[in-house]
Amino acid sequence: GLLLQLGRTEMALGSPTAVQRLEAAAAHARNPVEGASALGALGFARYIAGETAAAARMIREGLEEIEPGRGGALEAELLLNLAVAGRFVPRLVEEATKALDQPRTGERGEPTPAEIVRRTMLAFDTILRVGAAPAEADALWAFRHGVEARGASPFPLATALLGAVLVLLGRHREAAEVAERALETARSRGNRLDAAIAYELRAALRWTVGDVGGLLADTESGLELSEGRWDQATILTRVLRVTALLERGDDAEAAAVLDVPEALERRLPGTHAWLFLPYGRAHLAFAAGDWANSAEQAFTAGERLTEVSAPSPDYIPWRSLAARALHRGGDRERALALAEEELDLARANGAGRTIGNASATVGLLRGGEVGIRMLREAIDVLDRHGARLDAARARVDLGLLLRRGRRAMQARRPLAEALDAARRLGSVRLAETARSELSAAGGRPRRLALTGVESLTPGQRRVTDLAAGGMSNREIAEALFVTVRTVETHLTAAYAKLEISSREELPAALRGQQNDLGSPGAAAPGRPHRWPFGPRSETPTRSSR
């Protein structure tokens, strides 16, 4: 028991001796329950080290020791680890998903931790295979029983996976609540691994709604906690960071983020990182104008997804990216066929954001009146589902088609709206494109300049978010694993950029960062302000600057 506890603690802190300690715990287990617990922890440790096949075998052995529905949190942990470890190994896909067939409710049919995990994994598997729409019932069942009724899912990784499923479904408010709770729990325990997982979840949510500044802040936090400890588990965070850096126009830094050493890349097959790495590289190549390489990398992602029975564009919409690259490279016929394939898949069972983006891609490629109509429809869908940056990008495409169709006056409105949205969301690249197109359409856009919230660095953004939610400097330092002096430095710089002089002015200064999850400056009558991604503290705390 002591070896197991020590091994788990070392794994949470990123110590390389964790696997050795957990192996010893498994060898010294005195009964089936101890053995199952040790094998489960060892399997997860091997999984985050990139040893997926070995991890799945060990976890399966542990799960076989437990009667379905009677194993409590341990059963839930083993089931989730088995499903996650095997789901992205081609030869283990069916075995991993077969473990989800057996209901794991209690004696009277009541929800157990394992049944909550099973429903979450069923929803995730459905999203991968078919699309988001059929997965919603299982996901919301798991959310109600795992978060609303119990206060939290059985353990942090289960909470994070549930949040990821809600993000993919477009259930932004529920996903934000799960991310917030996961981050709070990790901070309160001082668990670096759980905090890194929670930051990755929140980054994925911010990527979906188009919050570039927040995305940069969360990915920076996650990588600071993970790199040098769980490098093989950082790839999704890196890819998310690349998308934000490209929006900011920091192409060189984005390329450095995905400069993955060969030794690390060899450990990635069998993990979700293996799927996302070429997708990130496709974005890099597209930004560099290397259309052939961008399409090739996107197709690589598609091939790997096919190998693990994950064709749905809700998970990784590689076809749209490949289609845009092929179109830029002159292969318009092939590009349109690929874009229409994604649109057909999205319309069948996809989430609203996926449908909107696929429609926008097909509309751009078709052009003419049909393309204009499709882009208008795509904008409506993206607006309705809170995909603000995607909607701004579709408005630029609409303005482009209108201008090329000699309807410059009509083009100005969507281009002006796109420019305003891109500036507010922090996308320098899209703002520059919108400004250029607006000028070509006869508009007179004002000079681009990042000011206010948009001018904050990721570190400043992290600190001001938490300070606006009522945390003291010391609480912020503990939450972010930094010194109080660092917090004070960030706040001082942020106050200057926001042109304020006190903590009490922060909520109002951040009010311009609107999103579909709520406004930082808005609060119900009689209630204090709460930042939607920030801490759950209801009472603002007085603190020195």
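**Salt bridges, a buried arginine and two positive phi angles**

A network of salt bridges links R202, R206, D211, D218, R461 and D465. The model examined here is predicted, and it holds 37 salt bridges. Side chains of opposite charge can pair when their charged atoms come close, and three individual pairs illustrate the theme nicely.

In one of these, the side chains of E77 and R8 form a salt bridge with an N to O distance of 3.0 Å. Because E77 belongs to helix α5 (residues 72-87) and R8 to helix α1 (residues 2-13), the pair ties together parts that are 69 residues apart in sequence. E77 is buried, at 15% relative accessible area, while R8 is partly exposed at 26%. Another bridge joins E341 and R319, with N to O at 3.2 Å. This pair links distant parts of the chain, 22 residues apart, with E341 in helix α19 (residues 332-349) and R319 in helix α18 (residues 318-328). Here the arginine is the buried partner: R319 has a relative accessible area of 5%, whereas E341, at 39%, counts as partly exposed. The side chains of E174 and R171 also meet in a salt bridge, at 2.7 Å from N to O. E174 is buried, with 17% relative accessibility, and R171 is partly exposed at 26%.

Attention now turns to another arginine. R118 sits in helix α7 (residues 113-129) and counts as buried, since its relative accessible area of 9% falls under the 20% cut-off. Its side chain makes a polar contact of 2.9 Å with the side chain of E115. In addition, a polar atom of the R118 side chain lies 2.7 Å from the backbone oxygen of L100. Beyond its neighbours within four places in sequence, R118 is in contact with L79, L100, D101, Q102, P103 and R104.

Helix α13 (residues 235-248) offers a friendly check on geometry. Its 14 residues should span 20 Å at 1.5 Å a residue, and the end C-alpha atoms are indeed 20 Å apart. Because 14 of its 14 residues are buried, α13 is largely enclosed by the rest of the structure. The helix is followed by G249, which has a positive phi near 85°.

Positive phi values also occur at residues that are not glycine. R406, with phi of about 60°, lies in the loop between α22 (388-404) and α23 (408-425) and is exposed at 80% relative accessibility. E499 likewise has a positive phi, near 60°. E499 lies in the loop between α27 (484-498) and α28 (506-509), and is exposed with a relative accessible area of 72%.

How values were computed: Residues are numbered from 1 along each chain as its sequence is written. This is a predicted model: local features need pLDDT of at least 70, side-chain atom pairs count only at pLDDT 80 or more; totals for chains, interfaces and linings use all residues. Side-chain values use heavy atoms; hydrogens and water are left out. Helices (H or I, at least four residues) and strands (E, at least two) are DSSP runs, numbered from the N terminus. Buried means under 20% relative accessible area, exposed over 50%, partly exposed in between (1.4 Å probe, protein chains only). The expected span of a helix is 1.5 Å times one less than its number of residues. A polar contact is a pair of N or O atoms within 3.5 Å; within protein, one must be able to donate a hydrogen and the other to accept it, and residues adjacent in sequence count only if both atoms are side-chain atoms. Contact means heavy atoms within 4.5 Å. A salt bridge is a side-chain nitrogen of Lys or Arg within 4 Å of a carboxyl oxygen of Asp or Glu.
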